[in-house]
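The following account leads the reader through a single chain, beginning with the packing of its helices and ending with its overall form. Please keep the structure in view while reading.

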Amino acid sequence: MNDTVHPLATLARLEATIAQRAAADPSSSYVAKLNARGVPKIAQKVGEEAVEAVIAAMADDRAGLIGESADLLFHLLVLLNAKGIALSDITDELDRREGVSGIVEKASRKED
Ligand SMILES: N=c1c2ncn([C@@H]3O[C@H](COP(=O)(O)OP(=O)(O)OP(=O)(O)O)[C@@H](O)[C@H]3O)c2ncn1[C@@H]1O[C@H](COP(=O)(O)O)[C@@H](O)[C@H]1O
């Protein structure tokens with residue numbers, strides 16, 4: 001790992017690049033090409049990359065899992081941008097959940 005760069009800083013930089021490229025020329029920008037094809041296509045790519053990450057994990061393919069996870073996070077950021085959702089909206093939600101055990105949270109839902 002590159003110790004000088006926080007992983008979230010990389011994602012924040014990528015988020016800004018994606019926002020900037022969204023309206024670029026689709027012939028020279030993959031982000032613009034995806035946006036031109038619309039949310040259903042972007043969402044489909046997120047699903048495909050998620051499945052590919054799962055397959056790599058099941059095959060014990062470490063390098064594959066890292067690569068597919070990068071594809072997944074990239075396409076998820078493109079999808080979030082297309083839907084007007086910021087990375088900070090996701091981290092806010094994770095902050096809200098912090099310290100609440102998933103077991104406890106699930107049990108509280110069953111009481112509803
Ligand atoms: N991080 C990425 C990134 N990760 C993956 N990809 C692209 O995602 C695509 C996924 O490949 P696939 O084979 O699954 O998809 P495909 O066959 O091209 O598409 P389909 O026909 O399946 O729809 C490839 O073209 C990859 O190059 C990315 N493309 C761009 N970025 C970042 O986005 C920035 C802006 O990119 P442009 O918009 O292209 O300038 C770049 O500078 C990078 O920082």
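**Helix packing, ligand shell and overall form**

In this predicted model, helix α1 (residues 7-21) packs against helix α4 (residues 62-82) at an angle of about 50 degrees, and their axes are 10 Å apart. An angle of about 50 degrees falls neither under 35 degrees nor within 65 to 115, and α1 and α4 are therefore oblique to each other. Their crossing is right-handed. On the α1 side, the residues that meet α4 are Leu-11, Leu-14, Glu-15, Ile-18 and Ala-19; on the α4 side, they are Leu-73, Phe-74, Leu-77, Val-78 and Asn-81. By class, the contact of α1 with α4 comprises eight nonpolar residues, one polar and one charged.

Helix α4 also packs against helix α3 (residues 39-58), here at an angle of about 160 degrees and with the axes 8 Å apart. Since angles over 145 degrees count as roughly antiparallel, α3 and α4 are therefore roughly antiparallel to each other. The crossing of α3 and α4 is left-handed. From α3, the contact draws on Val-39, Ile-42, Ala-43, Lys-45, Val-46, Glu-49, Ala-50, Glu-52, Ala-53, Ala-56 and Ala-57. From α4, it draws on Gly-64, Leu-65, Glu-68, Ser-69, Asp-71, Leu-72, His-75, Leu-76, Val-78, Leu-79 and Ala-82. Divided by class, the residues of the contact of α3 with α4 are 14 nonpolar, three polar and five charged. Val-78 of α4 thus appears in the contact with α1 and in the contact with α3.

Attention may now turn to the ligand. Which residues surround the ligand? They are Leu-14, Thr-17, Arg-21, Ser-29, Tyr-30, Val-31, Ala-32, Asp-71 and Phe-74. The elements that contribute two or more residues to this shell are α1, α2 (30-37) and α4. By class, the shell holds five nonpolar, two polar and two charged residues. Leu-14 and Phe-74 belong to this shell and also to the contact of α1 with α4, while Asp-71 lies in the shell and in the contact of α3 with α4.

The chain as a whole has six helices and zero strands, and from the N terminus on its elements run α-α-α-α-α-α. Its radius of gyration is 17 Å, well over the 13 Å that the globule rule gives for 112 residues, so the chain is more spread out than a compact globule. Along its principal axes, the C-alpha trace spans about 50 × 35 × 35 Å.

How values were computed:
Residues numbered from 1 in each chain as written. Predicted model: local features only at pLDDT ≥ 70, side-chain atom pairs only at ≥ 80, totals over all residues. Axes fitted to C-alpha atoms, helices over the stretch in contact; angles between N-to-C directions. Helix = DSSP H or I, 4+ residues; strand = E, 2+ residues; numbered from the N terminus. Left-handed = near helix turned anticlockwise from the far one by under 90°. Contact = placed C-beta atoms within 7 Å. Nonpolar A, V, L, I, M, F, W, Y, C, P; charged D, E, K, R; others polar. Near = placed C-beta within 6 Å. Rg over C-alpha atoms; globule rule 2.2 N^0.38 Å.
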